[in-house]
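Trainee: I have a fold to go through before the afternoon. Can we take it question by question?
Mentor: Go ahead.

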Amino acid sequence: MKKVLLFVFLIGLASSCKVDKEKSGSLPEVDIDVDTEAGSLPEYDVDWVDINVGTKTKTVKIPKVVVVMEEEEVEVPFLDFNMPGEENKERTLLVEAEVSGKQHKLEIKEIRASQKKLFVISTLEELETDLGEQTLRIQDQVQLNAPELDVKHIIVGEKADRVLNNSYDYVSSMNALPEHIKNAQVIYSK
């Protein structure tokens with residue numbers, strides 16, 4: 001029975017690759033006294049498949065989005081800090097999110113301060129417009145003239161499954177904010 005299975009296995013193996021017999025095999029010898037002598041299986045050198053990895057030039061359709069950036073003068077919120085003994089530097093507090101499925105609105109609603117830490121709290125709201133297969137990056141910003149401060153962004157809304165969105169903490173509602181943020185002083189509100 002073992003010989004038949006081995007033969008069927010070798011026939012199947014030989015049909016898909018090159019097999020070179022390197023050593024003959026023998027079955028175990030059995031003595032009438034039930035003494036056995038160890039046998040040996042045949043050895044084979046199997047050349048199965050060679051795989052070459054490289055590149056190939058091929059024409060494929062790749063979606064491309066063209067974004068045109070134009071400069072415009074617009075009114076943006078501006079916060080000017082006056083902290084004794086500290087030197088101010090003008091910078092932009094920018095919050096961004098990538099969305100798909102439906103158009104969304106992203107707005108900085110509040111900025112809270114506690115010692116030298118700012119908590120920028122934004123809302124992400126889904127709108128009615130269907131985006132189809134398109135992914136959009138949306139943003140809002142506030143100008144700031146302040147000394148060096150630690151800034152933490154929190155977005156109130158549902159987090160879309162995009163890499164850019166991993167830069168911020170997401171909460172389901174303003175009530176879900178941690179206590180230390182709820183207790184921080186509101187210095188900007190929209």
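Trainee: Which pattern does the protein follow, read along the sequence?
Mentor: This is a predicted model. It has 2 helices and 10 strands. Read along the sequence, their order is α-β-β-β-β-β-β-β-β-β-α-β.

Trainee: Among contacts between residues at least 6 apart in sequence, what share joins residues at least 24 apart?
Mentor: Take the contacts in the protein between residues at least 6 apart in sequence. The share that joins residues at least 24 apart is 71%.

Trainee: What percentage of the residues count as buried?
Mentor: The exposed area of the protein is about 14,900 Å², with 50% of it supplied by carbon and sulfur atoms. The protein has 190 residues. The part that counts as buried is 26%.

Trainee: Which residues touch the most other members of the largest nonpolar core?
Mentor: That core has 23 residues. Elements giving two or more residues to this core are β6 (89–114) and β7 (117–146). The residues touching the most other members are I111 and L118.

Trainee: Which residues does the second, separate core include?
Mentor: The second core is separate and has 8 residues. Among them are F119, V156, V171 and I181.

Trainee: Which residues in the 185 to 188 stretch does I111 touch?
Mentor: Leave out residues up to four places away in sequence. I111 then touches L79, L93, L118, F119, V120 and V142, among others. In the stretch you ask about, the residues are Q185, V186, I187 and Y188.

Trainee: How many bridges join β6 to β7?
Mentor: The two strands run antiparallel. One bridge pairs A97 with I138 in β7. Another pairs E96 with Q139 in β7. The number of bridges joining β6 to β7 is 24.

Trainee: Which residue in the turn of the β6 and β7 hairpin has a positive phi?
Mentor: The hairpin leaves 2 residues between its strands. Most residues other than glycine have a negative phi. The residue here is not a glycine, yet its phi is positive, about 55°. Its name is Q115.

Trainee: Is Q115 buried or exposed?
Mentor: Q115 lies in the loop between β6 and β7. Its relative accessibility is 79%. The cut-off for exposed is over 50%, so at 79% Q115 counts as exposed.

Trainee: In which sense do β7 and strand β8 pair?
Mentor: Strand β8 covers residues 150–156. In β8, H153 is the bridge partner of V120. β7 and β8 pair over 7 bridges, and the sense is parallel.

Trainee: Over how many bridges do strand β5 and β7 pair?
Mentor: Strand β5 spans residues 78–80. F78 has Q143 in β7 as its bridge partner. β5 and β7 pair in the parallel sense, and the number of bridges is 3.

Trainee: Which residue in β10 is the bridge partner of A113?
Mentor: Strand β10 covers residues 185–189. β6 and β10 pair in the antiparallel sense over 4 bridges. The partner of A113 in β10 is Q185.

Trainee: Why does E110 count as buried?
Mentor: E110 lies in strand β6. Leaving out residues up to four places away in sequence, E110 touches F119, V120, I121, M174, V186, Y188 and S189. Buried means under 20% relative accessible area. E110 counts as buried because its relative accessibility is 14%.

Trainee: Which side chain makes a polar contact of 2.6 Å with the side chain of E110?
Mentor: The contact is between two side chains. Its length is 2.6 Å. The partner of E110 is R112.

Trainee: How far apart in space are K23 and Y44, C-alpha to C-alpha?
Mentor: K23 is in strand β1 (residues 18–23). K23 touches P42 and E43, with residues up to four places away in sequence not counted. In sequence, K23 and Y44 are 21 residues apart. In space, the C-alpha to C-alpha distance is 7.1 Å.

Trainee: What is the relative accessibility of K23?
Mentor: K23 counts as partly exposed. That class lies between the buried limit of 20% and the exposed limit of 50%. The value for K23 is 41%.

Conventions. Residues numbered from 1 in each chain as written. Predicted model: local features only at pLDDT ≥ 70, side-chain atom pairs only at ≥ 80, totals over all residues. Heavy atoms only, no water. Core = buried A, V, L, I, M, F, W, Y, C linked by side-chain atoms within 4.5 Å. Buried < 20%, exposed > 50% of the residue type's maximum accessible area, 1.4 Å probe, protein only. Contact = heavy atoms within 4.5 Å. Polar contact = N/O pair within 3.5 Å; in protein donor to acceptor, adjacent residues only side chain to side chain. Areas by Shrake-Rupley, 256 points an atom, 1.4 Å probe, with all protein chains shown as cover. Pairing = 2+ DSSP bridges.
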